[in-house]
Amino acid sequence: MNQLRVGIITINWNGYELTTRCVASLLNLQYSLFHIYIVDNNSNNDEGQRLVELYHNDSRITVILNPRNDGYAGGNNVGIVQARSDKYNQGIWCINNDATAEPGALLALVAMAATDVNIGLVGSTILYPDRKTIYALGGGTFNAWSGIDHLCGAHTTFQPLLEPPINLTYISGAALYITQRGLTACPGFDSDYFLYCEELDLALRISRAELRLTYAPLAVVIHDSAATTGHMSATYVYYFLRNRLLLLRKRLPWYHWPTYAAVYVGYYVLGFMVILTLKRKMVLWRYILQAVADFFRHRWGYQTLLRNNR
């Protein structure tokens, strides 16, 4: 199989140790025609400059010092623009910095993408750090009527060489491969999301371009879920809930709105309130209110949270 020129993008934001661990795994890939783009989203403590100094002698790596924190969506877009400029645009692999790739992962992604010219996105076998429990088989399914999504295979025991899930509707952003046709149809993520739901938005746009989503079982990635933002943190609560409404506004037809909104209130808003109460984090209720208020005020992208998380 002829190798494609693939750009690999990972985002660093105050996660130097995670990023260097991720990059170390990428440098061991059983693939030659790739280039790694580390986008530092204006981290603290000169992390971006430290990454520049660490990798300045490695021709396989470019560190991009982004002057602001553009989140997952905007940070990956910065990397995509540079990769396309450098002609590493026959495939783009976006991988979280809290993930590590097994040596054969990229080769498996490229091989799967080559099986059908109509493939736009390819997902990986994503495992938790115990290497036995599945985080996701490629991605998941999304119900446009309810707004609820489920990761395929989540929390089940990993068995090698599983068949690809049927009818994936999105690919997990933890390890998301965009084919050249996919990149042509959708040149990047929608930066209005900043963080969370951007991969679902991208998948909906890819599907509307009549391109397929699939999964490469042999592309194994180990993912330390939420290591960068924390589960049920102020950041997670705010952006997840705001962006669920933003997705409805941007991508779903009007006839989905009544049921979607009802489930949003009953399942997500009230559900988050119950979980935060049980975790004794009722102080984070304010971010639920801010998420809904900012949606109606059309405050997209990055927003300053009302107070720091305690």
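Here, buried means under 20% relative accessible area, exposed means over 50%, and partly exposed lies in between. Keep that handy for the exercises below, and remember that this is a predicted model.

**Exercise 1. Sort the two ends of a salt bridge**

Take the salt bridge between Arg297 and Asp294 and work out which class, buried or exposed, each partner falls into.

*Solution.* Start with the pair itself: the side chains of Arg297 and Asp294 meet at 3.9 Å, N to O. A salt bridge needs a Lys or Arg side-chain nitrogen within 4 Å of an Asp or Glu carboxyl oxygen, and this pair counts as one. Next, Asp294 has 1% relative accessibility, so Asp294 is buried. Arg297, at 51%, counts as exposed.

**Exercise 2. Follow the charges around helix H7**

Find out which parts of the chain are linked by the salt bridges of Arg251 and Lys250.

*Solution.* First, Arg251 pairs with Asp190 at 3.1 Å, N to O. Arg251 sits in helix H7 and Asp190 in the loop between H5 and H6, 61 residues apart. Now check the cover: Arg251 comes out at 17% relative accessibility and Asp190 at 12%, so both count as buried.

Then move to Lys250, whose side chain meets that of Asp192 in a salt bridge of 3.0 Å, N to O. Lys250 is in helix H7 and Asp192 is in the loop between H5 and H6, so this pair ties together parts 58 residues apart in sequence. Lys250 has 27% relative accessibility and is partly exposed; Asp192, at 23%, is partly exposed too.

Finally, put the pieces together: Asp190, Asp192, Lys250 and Arg251 belong to a salt-bridge network that also takes in Asp201 and Arg205. Across the whole structure, a search turns up twelve salt bridges.

**Exercise 3. See how covered helix H6 is**

Decide how many residues of H6 are buried, and look for Asp201 and Arg205 among them.

*Solution.* H6 spans residues 198-208, and nine of its eleven residues are buried. Run through the list of buried residues and you'll meet Asp201 and Arg205, along with Leu200, Leu202, Leu204 and others. Both of those charged residues also turn up in the salt-bridge network. Just past the helix, Glu210 has a positive phi, near 65°.

**Exercise 4. Work out how H8 and H9 run**

Use the crossing angle to say how H8 and H9 are oriented, then list what meets at their contact.

*Solution.* The two axes come within 9 Å and cross at roughly 155°. Angles over 145 degrees count as roughly antiparallel, and H8 and H9 therefore run roughly antiparallel to each other. For the contact, H8 brings Tyr264, Val269, Phe272, Met273, Leu276 and Thr277, while H9 brings Trp285, Ile288 and Val292.

**Exercise 5. Place a nonpolar patch and two odd phi values**

Locate Trp254 and the surface patch it belongs to, then do the same for the positive-phi residues His155 and His298.

*Solution.* Trp254 lies in the loop between H7 and H8, and its relative accessible area of 66% makes it exposed. Together with Trp145, Tyr255 and Trp257, Trp254 makes a nonpolar surface patch of about 530 Å².

On to the histidines. His155 has a positive phi of about 70° without being a glycine, and it sits in the loop between strands S9 and S10. At 59% relative accessibility, His155 is exposed. His298 has a positive phi of about 60° and falls in the segment after H9. With a relative accessible area of 47%, His298 is partly exposed.

Terms used
Residues numbered from 1 in each chain as written. Predicted model: local features only at pLDDT ≥ 70, side-chain atom pairs only at ≥ 80, totals over all residues. Heavy atoms only, no water. Patch = residues over 30% accessible without salt bridge, like charges linked within 9 Å, V, L, I, M, F, W, Y side chains within 5 Å. Areas by Shrake-Rupley, 256 points an atom, 1.4 Å probe, with all protein chains shown as cover. Helix = DSSP H or I, 4+ residues; strand = E, 2+ residues; numbered from the N terminus. Buried < 20%, exposed > 50% of the residue type's maximum accessible area, 1.4 Å probe, protein only. Axes fitted to C-alpha atoms, helices over the stretch in contact; angles between N-to-C directions. Parallel < 35°, antiparallel > 145°, perpendicular 65-115°, else oblique. Contact = heavy atoms within 4.5 Å.
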